[in-house]
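User: Please take a close look at the open sheet in this structure. I should like to know how its strands are arranged and what lies against them.

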Amino acid sequence: MTAVVEVRDAHVVHRARSGGLLRRDRVYALTGADLAVAAGETVGVVGESGCGKSTLARVLVGIQRPASGTVLFQARDLWTMPPAERRATLGTGVGMIFQDPSTALNRRLTVRRILRDPLDVHDRGSGPEREERVRELMSLVGLPGALADVLPGQLSGGQRQRVAIARALALDPALVVADEPTSALDVSVRAQILNLLLDLRERLGLALVFVSHDIQTVRRMSDRVITMYLGRIVEETPADRVTDAARHPYTRALFSATPGLLDPLDPIPLTGPVPSATRPPSGCPFRTRCWKADHLCAEAMPEFSAASRPGHRYRCHHPVEEDQSTRDLARQEP
Ligand SMILES: Nc1ncnc2c1ncn2[C@@H]1O[C@H](COP(=O)(O)OP(=O)(O)OP(=O)(O)O)[C@@H](O)[C@H]1O
């Protein structure tokens, strides 16, 4: 597999937003992240709020430089290349779709200007070719050409997100990262936008990274699911087996609590709060909420183990069995 993007042992540490000027804690937003995404595949990223999903997304698209670790884009190290080359590589190679198209789009520019802008900045084609590309992009995302001269404020939320997607695709990127692309939209248009993304991935052979709180949607959209907990990737599971083959207790608990499964599962209780990212627990970060934790979990962060099927790895000293029913798991005392 040739990765479009590959992150190796990436760490991101922020200064805490609160705590006063003199005493600023460190927030461990991303710790030792490894991930590779190939052309044509969709990788979904799930986890509770604050676990580092957006940070990982920002590292993948080169908005966030990791404090340590490597980011390879099409096998080239992003952060050792000259800045101008990095800007050009990211500008043309990567598209990002944000949660809220109302804030992501410039309200003063027409749809045509928004879509032409990346073509102008990166000097793509002649004037007429750029106009043609704008038409092509609008048609690609299902926007009528008549909307070319309107402002984002005159569009519906779904239409605005289509413009944002078209803009992300303007320069034929190899990688698109969508961070909660539907959570600001009406429920009625969410499915349309998700289907559009899936269709575009097929047609354009994109590598797609999809970040969402909505784990049912991630499961439906993705080939592989990445589970994050307190800044760490703790499991990577083939999406079609995530509810029954995941081996990390946290992944099982997260998916067991998902409403809307065809075959509802017994919810596995997740007790207690998520610990602070400024003081993650020693050893396995999930141990303070895990019903299987023992002294070993407090002492050492488990290394990744490979599961029996390709594309499945997990970090856990006491993994649950594949196919062990959530009823059995739910009965275990935390
Ligand atoms: N610029 C920043 N300064 C300080 N802390 C930050 C900053 N950005 C993120 N964090 C912290 O880093 C951690 C990871 O944040 P991140 O936004 O990546 O999580 P997330 O999983 O995307 O959360 P959500 O689902 O709520 O969007 C959180 O504890 C967050 O508060």
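Analyst: The following account begins with the chain, proceeds to the sheet, and ends with the surroundings of the ligand.

This is a predicted model, in which local features need pLDDT of at least 70 and side-chain atom pairs count only at pLDDT 80 or more, while totals for chains, interfaces and linings use all residues. Residues are numbered from 1 along each chain as its sequence is written.

The protein chain has 12 helices and 12 strands; helices (H or I, at least four residues) and strands (E, at least two) are DSSP runs, numbered from the N terminus. Of its 334 residues, 43% count as buried, meaning that 20 or more other C-beta atoms, placed from the backbone, lie within 10 Å of the residue's own. Among contacts in the protein chain with a separation of 6 or more, 65% join residues 24 or more positions apart; a contact requires C-beta atoms, placed from the backbone, within 7 Å.

The open sheet is formed by eight strands with mixed pairing, in the order β6-β7-β8-β3-β9-β10-β12-β11. Two strands count as paired if DSSP finds at least two bridges between them. The edges are held by β6 (94–97) and β11 (305–306); each has a single partner strand, so one side of each is left without a neighbour in the sheet. In general, strands of a sheet pair through backbone hydrogen bonds, either parallel or antiparallel. An antiparallel case here is β10 (residues 232–238) with β12 (residues 313–314), joined by two bridges. Within this part of the sheet, E236 stands opposite R313 in β12.

Helix α1 packs on the sheet, where it touches β3 (42–46), β7 (175–179), β8 (207–211) and β9 (224–229). The direction of α1 makes about 155 degrees with that of β8; axes are lines fitted to C-alpha atoms, for helices over the stretch in contact, and angles run from 0 to 180 degrees between N-to-C directions.

Helix α1 (53–60) also takes part in the shell around the ligand, where α1 and β2 (26–38) each supply at least two residues. The largest share, three residues, comes from α1. In total, 15 residues surround the ligand, the closest being H14, A29, S49, S54 and T55; a residue is near the ligand if its C-beta atom, placed from the backbone, lies within 6 Å of it. By class, the shell has five nonpolar, eight polar and two charged residues. Here Ala, Val, Leu, Ile, Met, Phe, Trp, Tyr, Cys and Pro count as nonpolar, Asp, Glu, Lys and Arg as charged, and the others, Gly among them, as polar.

Note on methods
A residue is buried if 20 or more other C-beta atoms lie within 10 Å of its own, exposed if 12 or fewer, and partly exposed in between; C-beta atoms are placed from the backbone. Two residues are in contact if their C-beta atoms, placed from the backbone, lie within 7 Å.
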